[in-house]
Amino acid sequence: ERQMCIRDRISEWLKLDALEGQQGAGEVEVKILLTPGTGDAQADAAKAADSARWFVDDQEQEKGEPNVLHVAVVRARGLKAADKSLMGPSSSDPFVTLVFGDKKEKTDVVKKSLEPIWMKMVELPVPVTKDKKLGPLPSLDVLVEDHDTLSSDFLGKVTISPASKPQ
């Protein structure tokens with residue numbers, strides 16, 4: 001489990017934890033940004049719009065919302081092959097599930113890849129107090145799985161727990 005200050009901008013490769021007894025599961029690249037609200041609607045909107053530009057082309061106008069956790073699942077590398085092949089190399093059909101409190105978001109499946117590129121951005125609402133300020137944050141789980149017709153195989157996982165203060 002990884003401790004990070006979710007209140008900071010995060011853009012890095014995170015090592016995936018494998019199941020016990022298995023070798024390394026690879027890495028996933030994510031960008032994470034929290035836009036906390038202060039209760040001042042005008043100031044919050046301006047700050048959220050400014051923060052949201054970090055994820056997109058700086059030339060574009062962005063609205064942005066306060067009290068949102070922006071997560072971009074960029075890509076992965078070094079994933080293990082879950083689908084064995086008699087013809088050609090073994091591979092996986094990976095996808096990512098993000099779990100943040102009671103919210104779940106999934107990327108698309110990338111067929112036959114151990115180095116998938118998703119470029120998927122999601123906005124997850126964060127808990128707020130009555131005066132619309134940031135409440136306690138749940139952990140963010142980044143789960144990488146191999147898609148199969150009847151079920152999915154675990155490839156790796158990283159949990160990002162909000163640190164109470166910046167590291």
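Ile32 is buried, because its relative accessible area is 0%, below the 20% cut-off. This residue sits in strand β3. The model is predicted. The points below cover the core, a buried serine and the aromatic rings.

**Ile32 and the nonpolar core**
- The largest nonpolar core has 28 residues.
- Ile32 is among the residues with the most contacts inside this core, together with Val28, Leu69, Val71, Leu98 and Leu140.
- Seven strands are named as suppliers of at least two core residues each: β2 (10-15), β3 (27-35), β4 (68-77), β5 (94-100), β7 (117-125), β8 (140-147) and β9 (152-162).
- Ile32 and Val122 are 90 residues apart in sequence, yet their C-alpha atoms are 9.9 Å apart in space.

**Leu98 and its contacts**
- Leaving aside neighbours within four places in sequence, Leu98 is in contact with Val71, Val73, Val122, Leu140 and Val142.
- Leu98 also contacts Lys103, Lys104, Glu105 and Asp141, under that same limit.

**Ser92, a buried loop residue**
- Ser92 lies in the loop between β4 and β5.
- Ser92 counts as buried because its relative accessible area is 0%.
- A polar atom of the Ser92 side chain lies 2.9 Å from the backbone nitrogen of Ala82.
- Not counting residues up to four places away in sequence, Ser92 touches several residues, including Lys80, Asp83, Val110, Leu114, Asp146 and Leu155.

**Aromatic rings**
- The structure holds 0 aromatic pairs.
- Trp13 has a charged partner: Arg77 lies over the face of its ring, at 3.7 Å from the ring centre.

How values were computed:
Residues numbered from 1 in each chain as written. Predicted model: local features only at pLDDT ≥ 70, side-chain atom pairs only at ≥ 80, totals over all residues. Heavy atoms only, no water. Core = buried A, V, L, I, M, F, W, Y, C linked by side-chain atoms within 4.5 Å. Buried < 20%, exposed > 50% of the residue type's maximum accessible area, 1.4 Å probe, protein only. Helix = DSSP H or I, 4+ residues; strand = E, 2+ residues; numbered from the N terminus. Contact = heavy atoms within 4.5 Å. Phe/Tyr/Trp six-rings, centres within 6.5 Å; stacked < 30°, edge-to-face > 60°. Lys NZ or Arg CZ within 6 Å of the ring centre and 35° of its normal. Polar contact = N/O pair within 3.5 Å; in protein donor to acceptor, adjacent residues only side chain to side chain.
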